[in-house]
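Here is a short tour of one protein model, written for someone who likes to check things atom by atom. Keep the viewer open and follow along.

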Amino acid sequence: ELPPAAFAMAPTSSAAPESKAVTVTIVVTIPPATPAGSDIYLSTERSSYNPAEIRMDQLDARRYRLQLPLQEGGRLAFRVTRGNFATIERDAKGRLPPPHIATGQSGATFNITVEAWSDDT
C-alpha cells in the first residue's frame with residue numbers, strides 16, 4: 001500500500017501556492033451481481049492506471065470506501081476495478097466510462113456507482 005503522501009497532488013493553476021492537504025472520501029457502490037468477497041480497487045492516473053493500485057475498505061455488502069489526502073484545489077482521475085483490467089468498471093451498455101475525478105475540497109465525498117464489470121456476461 002502506498003503512503004498517504006503519494007497522493008498529495010500538485011495544486012492546479014487556479015489553486016494558491018500555499019495550498020494545504022485535505023482529506024477526501026471516495027465511496028463506491030458495486031453491482032449486486034459482483035462475486036462475494038471481491039476486493040475493490042482504485043486505479044489512478046498517478047500509476048498509469050495500475051488496476052490494483054489502491055485497495056478500498058469494505059463498508060457493507062455493496063459499498064467500499066477510501067479516504068485519501070489531496071492538495072486543496074488538486075485533482076485525481078481514477079477508475080474502479082476488481083484488481084485487473086479484465087474486471088474494470090463498465091457502464092450499463094458495457095462501455096468503458098470516462099475516468100472519475102476527485103477534487104481537493106475539504107471534507108468532500110465522491111459517490112460512485114459501478115453499473116457493470118467488464119467480465120459480466
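## Two sheets in a predicted model

Two strands are said to pair if DSSP finds at least two bridges between them. With that in hand, a good place to begin in this predicted model is Leu42, whose bridge partner in S6 is Val80. S2 and S6 run antiparallel and are joined by four bridges. Both belong to an open sheet of four strands with the order S3-S2-S6-S8, in which the pairing is antiparallel. Strand S3 (54-55) and strand S8 (100-103) each have a single partner strand, so each stands at an edge with one side left without a neighbour in the sheet.

The other open sheet to look at also has four strands, this time in the order S4-S5-S1-S9, and its pairing is mixed. Here the edges are strand S4 (57-58) and strand S9 (109-113); each has a single partner strand, so one side of each lacks a neighbour in the sheet. Strands of a sheet pair through backbone hydrogen bonds, either parallel or antiparallel. For the antiparallel case, take S4 and strand S5 (residues 63-71), which pair over two bridges, with Gln58 opposite Tyr64 in S5. For the parallel case, turn to S1 and S9, which pair over five bridges; Val27 has Asn111 in S9 as its bridge partner.

## The nonpolar core

Which residues have the most contacts inside the largest nonpolar core? They are Ile26, Val28, Leu42, Met56 and Val80, in a core of 22 residues. Strand S1 (21-29), S5, S6 and S9 are the elements that give two or more residues to this core. Leu42 and Val80, the bridge partners from the opening, are both on that list of residues with the most contacts.

Ile26 is worth selecting by itself. Leaving aside neighbours within four places in sequence, Ile26 is in contact with ten residues you can click through: Leu42, Met56, Tyr64, Arg65, Leu66, Leu68, Phe78, Ala102, Phe110 and Ile112. Phe110 and Ile112 from that set also tell us something about S9: both point to one face and are buried, while Thr109, Asn111 and Thr113 point to the other face and are not buried. In a regular strand the side chains alternate between the two faces of the sheet.

## Salt bridges

How many salt bridges does a search of the whole structure find? The search finds four, and three of them are described here, including the one between Asp60 and Arg63, whose closest N and O atoms are 2.9 Å apart. Asp60 is partly exposed at 32% relative accessible area, and Arg63 is partly exposed at 35%.

Asp91 and Arg95 form another, with the closest N and O atoms 3.0 Å apart. Is each partner buried or exposed, or something in between? Asp91 has a relative accessibility of 15% and so counts as buried, whereas Arg95 is partly exposed at 48%; the cut-off for buried is under 20%.

The side chains of Arg82 and Asp119 also meet in a salt bridge, at 2.8 Å from N to O. This pair links distant parts of the chain, 37 residues apart: Arg82 is in the loop between strand S6 (75-81) and strand S7 (89-90), and Asp119 is in the segment after strand S10 (116-117). Arg82 counts as buried, with 15% relative accessibility, while Asp119 is partly exposed at 34%.

## Two buried polar residues in loops

Thr87 shares surroundings with that last salt bridge. Thr87 is in the loop between S6 and S7 and counts as buried at 7% relative accessibility. Beyond residues up to four places away in sequence, Thr87 touches Thr81, Arg82, Trp117, Ser118 and Asp119. The C-alpha atoms of Thr87 and Ala116 are separated by 9.3 Å, and the two residues are 29 residues apart along the chain.

Ser38 is placed in the loop between S1 and strand S2 (41-44). Ser38 is buried, with a relative accessible area of 11%, and a polar atom of its side chain lies 2.7 Å from the backbone oxygen of Pro35. Setting aside neighbours within four places in sequence, Ser38 is in contact with Tyr64 and Arg82.

Technical notes: Residues numbered from 1 in each chain as written. Predicted model: local features only at pLDDT ≥ 70, side-chain atom pairs only at ≥ 80, totals over all residues. Heavy atoms only, no water. Buried < 20%, exposed > 50% of the residue type's maximum accessible area, 1.4 Å probe, protein only. Core = buried A, V, L, I, M, F, W, Y, C linked by side-chain atoms within 4.5 Å. Contact = heavy atoms within 4.5 Å. Polar contact = N/O pair within 3.5 Å; in protein donor to acceptor, adjacent residues only side chain to side chain.
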